[in-house]
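User: Can you walk me through this one? I'd like the chain pairing, then the DNA, then some helix packing.

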Number of protein chains: 2
Amino acid sequence: MRAGRPRGFCVDDALDRAMTVFWRNGYEGASMSELTAAMGINSPSLYACFGNKEGLFRAVLERYEERRKTFMENVLAAPDMHELARRYLHGVADFAADTSGKNPPGCLLLQSGLSCGEETIPDELARHRGEKEKALRARLEDARGKGELSKDADPAALARYLMTVSNGICVQAASGASSTELHDVADMALKAWPAGAPRKTKSRAKASA
Amino acid sequence: MRAGRPRGFCVDDALDRAMTVFWRNGYEGASMSELTAAMGINSPSLYACFGNKEGLFRAVLERYEERRKTFMENVLAAPDMHELARRYLHGVADFAADTSGKNPPGCLLLQSGLSCGEETIPDELARHRGEKEKALRARLEDARGKGELSKDADPAALARYLMTVSNGICVQAASGASSTELHDVADMALKAWPAGAPRKTKSRAKASA
DNA sequence: CGAATTCTGTAACGCTCGGCACAGATATGG
DNA sequence: CCATATCTGTGCCGAGCGTTACAGAATTCG
């Protein structure tokens, strides 16, 4: 164990509370006083732990990705590509409409700073969204190689389509759309998905844990 | 415009310049000093003309809608509903990818403040986006009444779908997607659009969430 | 034990923010 | 040509921002 006075707060809990503030107010709209108040700590503790506001934000993003990891794993583990698309879009709809916690509806990767005074924030968020798209594309390319997807399908375009609809759903959620409205949009978007090998679709809906 | 010293700048030009700043930096990220510098005026002139920062922003939004008016008119004047969807999505793709002016790629109604410290800004923007959705829905309802759209089609859901994809396209554009990528997404989204006039439409069961 | 180390709370820093008083400049109307 | 009205530029305001200096409190190590 390390010497010195032990930290008086749980880092992950603090990050979860900071996440809510960034999510609701955006990066610039979240003031340090709001953040420290929500986290239940004083600013020197925050600066000692995270460096500065941007460092805190990056830590929040990592925490966010960690919490969404099981969802993406579940999506990528889909048995066929139509099921992958279905799990992804309906999972996003579930997630975006979820107001059971303290977080506002929508998605942190959009709400916290689509545009902003410091260019580095939107760039970082775009990078994170790009990572998700890349994961989807890799899975689709793999499926195409294995014959689970038509040879004339374009994995990159399909992945981009999923991300586009997903981001649109998040915006709709932030604008106040209901859960069923979002799922209807997801269903409609799935009609554009290539038929692929399997013709049988199960209509089972599962919420993201 | 009676007595008194005449205004030394063109209001619309100033609004166009302010629009670029809000677009690129977001509402909160746009400082008054940046705005006045871009508009080529001093702050007292700005305050005398627009009241305060939020007043300026609202004026910018009006100007924006005015500039987009002919586009929406062209969309709503489409001869059939598939053409309406096509014009809308590809028009948005064109618009979002356009970097010929000084405005960044994407859409002001999203970039300038999806989330923000002052709740009133995201609300106002959501209202503006809602107006567009309402216009599309009204046109679709009208078309359904005239038999140009299947009776079991849902105008509200279709309008929401268009808005969702449109917003997604704008996010993709802001993330750096190319024009052809955006048009590919628009084409793919159009595959989900109900067929022209025939009586047969597949209605998929809604998710049980 | 004392020394070293690490975290915490108080209080304040310099800076930029949005906004405005004021006086000079430039127009109109009588 | 004066009275009135509107706009412009200079300069400044209090508030809040992100950030940090400092000293005391709590722990481990020798």
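Analyst: Here is a short tour in that order. Note that the model is predicted.

User: What rotation superposes chain B on chain A?

Analyst: A rotation of 180 degrees, with 0.0 Å of shift along its axis. The RMSD is 0.1 Å. That is the relation of a two-fold axis. The same surface serves both copies, as 90% of the contact residues of chain B recur in chain A.

User: How many residues are in contact between the two chains?

Analyst: On chain B, 41 residues are in contact with 44 residues of chain A.

User: Which elements of chain B give two or more residues to that side?

Analyst: Helices H1 (11-29), H6 (108-111), H7 (120-145), H8 (155-174) and H9 (179-190) of chain B. H8(B) gives the largest share, 11 residues.

User: And how do the residues on that side divide by class?

Analyst: The side of chain B that touches chain A has 17 nonpolar, 15 polar and nine charged residues.

User: On to the DNA. Which residues come nearest to strand D?

Analyst: A:Ser31, B:Gly4, B:Arg5, B:Gly8 and B:Ser45, out of 26 residues around DNA strand D. Helices H2 (32-39) and H3 (43-50) of chain A and helix H3 (43-50) of chain B each give two or more residues to the surface near this strand. The largest share is four residues, from H3(B).

User: What's the class split there?

Analyst: Near DNA strand D there are 12 nonpolar, 10 polar and four charged residues.

User: Now strand C. Which residues are closest?

Analyst: DNA strand C is surrounded by 26 residues, and the closest are A:Gly4, A:Arg5, A:Gly8, B:Arg5 and B:Met32. H3 of chain A, plus helix H2 (32-39) and H3 of chain B, each supply at least two residues of this surface. Here H3(A) provides the largest share, four residues. By class, the surface near DNA strand C has 10 nonpolar, 10 polar and six charged residues.

User: Last topic, packing inside chain B. At what angle do H4(B) and H7(B) cross?

Analyst: Roughly 20 degrees, and the axes of helix H4 (residues 53-76) and H7(B) come within 12 Å. Angles under 35 degrees count as roughly parallel, so H4(B) is roughly parallel to H7(B).

User: Is the crossing left-handed or right-handed?

Analyst: H4(B) passes H7(B) in a right-handed crossing.

User: Which residues make the contact?

Analyst: From H4(B), B:Leu61, B:Glu65, B:Met72 and B:Leu76. From H7(B), B:His128, B:Lys132, B:Ala135 and B:Arg139. By class, this contact has four nonpolar, one polar and three charged residues.

Definitions and conventions. Residues numbered from 1 in each chain as written. Chains lettered and ligands numbered in written order. Predicted model: local features only at pLDDT ≥ 70, side-chain atom pairs only at ≥ 80, totals over all residues. Least-squares fit on C-alpha atoms with pLDDT ≥ 70 in both. Contact = placed C-beta atoms within 7 Å. Nonpolar A, V, L, I, M, F, W, Y, C, P; charged D, E, K, R; others polar. Near = placed C-beta within 6 Å. Axes fitted to C-alpha atoms, helices over the stretch in contact; angles between N-to-C directions. Parallel < 35°, antiparallel > 145°, perpendicular 65-115°, else oblique. Left-handed = near helix turned anticlockwise from the far one by under 90°.
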